[in-house]
Amino acid sequence: MAAKKRILFYSEGWGTGGIEAFVMNAIRCLDPDKFEFEIFCTHDYDDGYDEEISRRGGIRHVLYNNHKPGLVKRQIEGTREWERLLRSGSFDVVHINTMNGMGFHYAWIAEQCGIPIRIVHSHNTAFGPGSKLVKTMAHRVGILLFGSSATIQLACSNDAGRYLFGEKEFSVVPNAIDLSRFMFDGEGRARIRTDLGVPEGDLVVGFVGRLEPSKNPLFVLEVFRQLLAQEPTASLVLIGQGSLENEVSAWLEEHPNSSSSVIRVERTNEMASFLSSFDALCAPSLYEGNPVVLLEAQASGLPVIASDSISEESCITDRVEFLPLSASLEQWGDAMRELANRKGDRETYASIVNESGFGLARLAEALATFYELKG
């Protein structure tokens with residue numbers, strides 16, 4: 001039997017976001033007789049996947065556990081630890097999942113370490129707010145100095161590819177999900193609503209994502225406040241953690257009439273059941289590549305109101321509607337209410353998503369092709 005190919009995945013942070021979901025889906029669908037894997041991240045805020053990673057024979061390396069240092073320190077220490085790990089192991093492939101041009105720096109280090117297959121995978125369409133000048137410079141320097149270090153360039157959408165690779169050639173590998181998990185589940189819906197104390201007839205809106213500026217969670221709270229004026233028994237389930245947790249808590253304290261209808265969930269292993277329990281999902285991101293949660297929601301037949309900053313490539317069913325962030329809060333509230341009350345046979349949507357090519361089988365086929373290329 002041929003030796004297994006060893007893959008090292010990279011993600012700067014690690015928690016329950018879209019890149020992490022992509023990496024986990026990748027390791028779930030790869031043939032364990034052909035591939036083995038490890039994961040490297042500079043910092044993390046959640047270890048919920050670690051048991052599964054270990055069960056599948058993998059290792060997750062993290063430099064800063066439950067701590068996110070400043071940008072410069074993360075880059076200096078992260079690249080140093082990355083090189084140490086590469087030189088201590090015998091990896092055949094590095095799969096660098098990144099949101100900016102500094103991902104090429106990690107590919108360049110892998111090139112210096114003799115790694116034959118170096119994949120840089122773009123998962124976003126912009127870099128985040130804060131330290132904008134530093135981030136802009138780092139992004140451009142990464143592309144300018146190290147942009148030729150990747151042997152394969154991938155993107156989750158055409159917009160994400162153009163953002164990172166410009167006019168250079170890249171392949172789109174859409175995010176994929178385990179459709180058997182995210183098909184609408186009536187029993188899961190009833191159980192979650194019972195646990196939350198929400199009657200079946202009440203409207204429930206969900207938000208799923210990191211509590212970070214790019215995901216715009218404070219905007220969701222303002223939209224929900226407008227919705228409550230029309231639907232006083234409605235609830236908002238806010239799922240996620242992040243740097244804006246204090247701001248979210250402060251908002252809830254400042255709006256006691258709304259906060260009693262907001263349910264916070266930091267983390268969950270029952271995302272599919274939560275999506276089934278929702279009547280609508282609000283995704284007002286400032287920028288996004290091809291968010292995994294929109295695929296999961298559509299597989300569940302869940303209506304989604306999303307900002308037009310999100311790539312239209314993520315819309316593969318009739319359950320997604322886009323609205324500009326420049327629209328008024330009232331318009332967002334009305335749109336969310338209309339969507340949440342829209343009827344539809346939710347059980348049928350998983351097959352639509354599968355036919356569109358977003359199941360794990362298609363992802364496994366694509367990744368195996370790239371991983372088995374000669375360096």
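In which helix does E296 lie? In this predicted model, E296 is placed in helix α13, which spans residues 292-299. The residue is buried and yet forms no salt bridge, the nearest side chain of opposite charge being that of R181, at a distance of 5.8 Å; since a salt bridge is counted only within 4 Å, R181 falls outside the cut-off. When residues up to four places away in sequence are left aside, the contacts of E296 are with I177, F182, M271 and L275.

At the surface, V72, I76 and V134 together make a nonpolar patch of about 250 Å². Of these residues, I76 belongs to helix α3, which covers residues 71-88, and its relative accessibility of 43% places I76 in the partly exposed class, because that class lies between the limits of 20% and 50%.

With regard to the overall architecture, the protein comprises 16 helices and 14 strands. Its radius of gyration, 21 Å, is close to the 21 Å that the globule rule gives for 375 residues, and the protein is therefore as compact as a globular protein of that length. Taken along the principal axes, the box filled by the C-alpha atoms has dimensions of roughly 60 × 45 × 35 Å. Buried residues constitute 56% of the 375 residues, and, among contacts with a separation of 6 or more, 72% are between residues 24 or more positions apart. The area exposed by the protein amounts to about 16,200 Å², of which 49% is supplied by carbon and sulfur atoms.

Definitions and conventions:
Residues are numbered from 1 along each chain as its sequence is written. This is a predicted model: local features need pLDDT of at least 70, side-chain atom pairs count only at pLDDT 80 or more; totals for chains, interfaces and linings use all residues. Side-chain values use heavy atoms; hydrogens and water are left out. Helices (H or I, at least four residues) and strands (E, at least two) are DSSP runs, numbered from the N terminus. Buried means under 20% relative accessible area, exposed over 50%, partly exposed in between (1.4 Å probe, protein chains only). Lys and Arg count as positive and Asp and Glu as negative; His and the chain ends are not counted. Contact means heavy atoms within 4.5 Å. Patches are made of residues with over 30% relative accessible area and no salt bridge: like charges are joined within 9 Å, nonpolar side chains (Val, Leu, Ile, Met, Phe, Trp, Tyr) within 5 Å. Accessible areas come from the Shrake-Rupley method with a 1.4 Å probe; for residues, only the protein chains shown count as cover. The radius of gyration is taken over C-alpha atoms; the globule rule is 2.2 Å times the number of residues to the power 0.38.
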